[in-house]
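Here are my notes for someone opening this one for the first time. Have a look at the picture, then read the points in order.

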Number of protein chains: 2
Amino acid sequence: MSLEKIYNYIEVNSEKFIKNLVRLVKQPSVSAKNEGLKECAEIIERMMKEDGLSTKIIPEKEGNPVVFGEIKGKKAKKTLLFYDHYDVQPPEPLEEWICDPFSGVIRDGKIYGRGVSDNKGDFVSRLKAVQAFLETEGSLPVNIKFVVDGEEEIGSVHLLEVIKKNRELFSADAAIWEFGGTDRHGRPRIYLGLKGVLSVELRAKGASRDVHSSNAPLIPNPAWRLVWALNTLKNERDEILIEGFYDDVKKPSEEEIAYVRDIPFEEEEEKKDLGLKSFLHNLSGLDAVKTLLYQPACTINGLLTGYTASGSKTVLPNKALVKLDFRLVPEQRTRDIFYKLVKHLKTHGFEDIEVIQHGATEPTKTPLTDKFVQTVIKAAERIYGRKTVVYPTSPASGPMHLFRNILGYPVVSAGCAHEESRGHAPNENITVKGFIEGIKFMATIIKDFATV
Amino acid sequence: MSLEKIYNYIEVNSEKFIKNLVRLVKQPSVSAKNEGLKECAEIIERMMKEDGLSTKIIPEKEGNPVVFGEIKGKKAKKTLLFYDHYDVQPPEPLEEWICDPFSGVIRDGKIYGRGVSDNKGDFVSRLKAVQAFLETEGSLPVNIKFVVDGEEEIGSVHLLEVIKKNRELFSADAAIWEFGGTDRHGRPRIYLGLKGVLSVELRAKGASRDVHSSNAPLIPNPAWRLVWALNTLKNERDEILIEGFYDDVKKPSEEEIAYVRDIPFEEEEEKKDLGLKSFLHNLSGLDAVKTLLYQPACTINGLLTGYTASGSKTVLPNKALVKLDFRLVPEQRTRDIFYKLVKHLKTHGFEDIEVIQHGATEPTKTPLTDKFVQTVIKAAERIYGRKTVVYPTSPASGPMHLFRNILGYPVVSAGCAHEESRGHAPNENITVKGFIEGIKFMATIIKDFATV
């Protein structure tokens, strides 16, 4: 079995592969708006069928189906699972796009479209790596499974239930996660973990209706209640003050820090891009990267009360809300933090504030020492000819823990995006070159995983 | 000169007077929407002209005109000024009205319409008291002036300028302010002062655009900045923490407290109406009334940042705003409080927060010992046959200080509303009986003021 032969097949068929991708990008599949999901799931299934996989659409009770695909390898001993998703973010603001976000236009070596980077391009690159093996070798050296989620962009709310009911179907020896790519110097980047996220809403109530603010000396103001409650949650040094919040936070190992040192952080560009004179607490260099990766956070996502249009209105509002998210690191757990938050508010005299949970995703991490991690690193270096930038964990979140913690196998995130792919933003794109390299990268992982 | 003869004239002509009021109510004049102001000012002028007053429309540079009216008394030594306004609050929500808010429908002894209580009814009652003198006596015992504002409901933003340019025109020996009426037991209520109000907006800025909340460990969050800044302004005991905020706050005199003791406060009804178990800090009885009248306040009117629709969004917002009002008591001054606020924020490390002033009205008060106050109290008791409830000051605000402090004469607020007049709310109304009594009340003040 020669990888060169496979690479050659990929090169020769690249135009066909791009057409496959464009066909998928043209199908809108915006989970936040429940738009085109069923149609997109059917295209995903058909594409896998066309490449010889057996498929199954697993309906979720109240959500979008998971599309499952499988193909056995010849005398294969191991199973590699690919986690992807066919849903995409809403394309708005439309006026900032250089083209229709569901057109798959190719311009200056880039393929544009909502979801092309996150993560339809990755899905197609993986499927085409499988096809390349079948067409050149007639078989695969490992068993391959695809799990294509329909709710990743809205928190994969039903995936736990699907996994619990289909443990056997989802079993594997390792998984490649949905995202990754190259940095601005062409270095491949891979990710071994994700933070967790707990999204909550706090609601305070006052009188049964808004009143004139002249009544302020007598009537409770829910906005002040929220301000005082929030102030007890985090201080100006960004220390989270909830009792026991940091109990389960582990320090990164020396080995992890060695990798973190190699993560390029172009802080001046970052600050310039965001119009900032400095990062929080003047963080810089390694300290900034360590903080970004290993520090949990509590973020106000939104606040609303009373009159917020232009000018002023002498109103004393009767309700106020704040939306918060907590970013968690291993081994913190969302349920534990939720209870600690509720207890904290009670202890501090804010039992009148209602706490609503909107979403919860656990943090997770695959150790650097795992053999599969080293397999992916080597494959990346073969394809990209550069030292791999390894993120022992990432500031982002997702349902990786369901595979890593519940199903119990190593998970590494790697893909075909580039520095300017603009996921979730207007003019999302991947490069044609990056897409083709991505297919070769996945083929290399399949081959190497079979032999180590 | 017999008041009985005048009262009789008022009774006989009451239907005509009601028609005059309905005609005025039918003209929309919503200053917040710049709707019908010019037309209403013209009606006001025409009504005064029809009753023999000389008039002047004083245009304001960027605002709605003030309508001025004047009539000299026969050998009169004193001048009484009436302050009214022809602008009204927006009528919304329309679906809660039992009739068109600009119809002036009369039902079950009540005249309905936006502005009928606040304060078109008062204006007409005063004008018709003047007419009653002219028709029965042929002359007035005092000089009468009318100042009819067109911007009271939007903070009388240009009135100071108008007064400065027309000091002589606005000179008088005393003034009757725009509002007042009877309580649910038919006792007349008058008011000798108003709180000041300083409306500000605080704005915090972060990065040049919203970012994903996974960046929270590095990127400043303006929402947290605002929460921390607000927390330094007021504590949970509702003590305002701005250095020097209370410096100019005077304790009420023993004499004032004696009147405050007589102010009926139906706290159980109030709490029930607002769905509250208790007032702030369990305030009750005299303590509650004293706090309401004499304590300055800092109120959050509105807060806005980031994502506030349903569910959650992992966004780190790049701007946040809060709208606040400070209710001030004599001898506090809005400019002084504004500077103390700005200095406080700077001292506490929040120099990054922008402070914008939206409006400022000074507090003011006429002393209980003023002869004019006693004149109004006696007139009220003659008409309503009940002991007058005297508010040495009121929790509300308005441009009274321009007359009391700048022009320098006593000002008492008295009018023809009732407990359920619903000013600023749907189904605003006054009773026919209250309107006619109001005309008699004003006629009595005119007569008594001439003789004391």
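**Notes on a two-chain model**

1. Let's start with a small open sheet in chain B: 3 strands in the order β4-β5-β20, paired antiparallel. (Strands here are DSSP runs of E, at least two residues, and helices are runs of H or I, at least four residues, both numbered from the N terminus; two strands pair if DSSP finds at least two bridges between them.) β4 (106–107) and β20 of chain B stand at the edges with a single partner strand each, so one side of each has no neighbour in the sheet. Between β4(B) and β5 (residues 110–112) of chain B there are 2 bridges, and the two run antiparallel. In that pairing, R107(B) faces K110(B) in β5(B).

2. Some housekeeping before we go on. This is a predicted model, where local features need pLDDT of at least 70 and side-chain atom pairs count only at pLDDT 80 or more, while totals for chains, interfaces and linings use all residues; side-chain values use heavy atoms, with hydrogens and water left out. Residues are numbered from 1 along each chain as its sequence is written, and chains are lettered from A and ligands numbered from 1 in the order in which they are written.

3. Next, S421(B), which sits in the loop between β19 (411–413) and β20 (429–431) of chain B. Is S421(B) buried or exposed? S421(B) counts as buried, because its relative accessibility is 3% (buried means under 20% relative accessible area, exposed over 50%, partly exposed in between, with a 1.4 Å probe and protein chains only). A polar atom of its side chain lies 2.9 Å from the backbone nitrogen of H418(B), and the side chain of S421(B) also reaches the backbone oxygen of N429(B) at 2.8 Å. Leaving out residues up to four places away in sequence, S421(B) touches S117(B), N427(B), E428(B), N429(B) and I430(B) (contact means heavy atoms within 4.5 Å).

4. Now the place where the chains meet. Chain A and chain B each bring 72 residues to the contact. How much area is buried between chain A and chain B? About 5,800 Å², with carbon and sulfur atoms giving 64% (that is the accessible area, with a 1.4 Å probe, that two parts lose on being put together, summed over both). On the chain A side, L218(A), W224(A) and W228(A) supply 13% of the area buried against chain B, more than any other three residues.

5. The same interface has 4 salt bridges between chain A and chain B (a side-chain nitrogen of Lys or Arg within 4 Å of a carboxyl oxygen of Asp or Glu). In one salt bridge, D273(B) pairs with R209(A), the closest N and O atoms being 2.9 Å apart. There are also 29 residue pairs in polar contact between the two chains, both residues at pLDDT 80 or more (a pair of N or O atoms within 3.5 Å; within protein, one must be able to donate a hydrogen and the other to accept it, and residues adjacent in sequence count only if both atoms are side-chain atoms).

6. Don't skip β13, where the chains pair strand to strand. β13(A) and β13 (residues 297–306) of chain B run antiparallel and are joined by 5 bridges. Within this pairing, T305(A) stands opposite L303(B) in β13(B).

7. Finally, salt bridges more widely: the count is 60 over all chains. In chain A, E42(A) and K38(A) meet at 3.3 Å, N to O; both lie in helix α3 (residues 37–50) of chain A, 4 residues apart, about one turn of the helix. E42(A) is partly exposed at 35% relative accessible area, whereas K38(A), at 59%, counts as exposed. In chain B, K440(B) forms a salt bridge with E11(B), the closest N and O atoms being 2.5 Å apart. K440(B) lies in helix α13 (residues 432–451) and E11(B) in helix α1 (residues 3–12) of chain B, so the pair ties together parts that are 429 residues apart in sequence. K440(B) is buried at 15% relative accessibility, while E11(B) is partly exposed at 41%.
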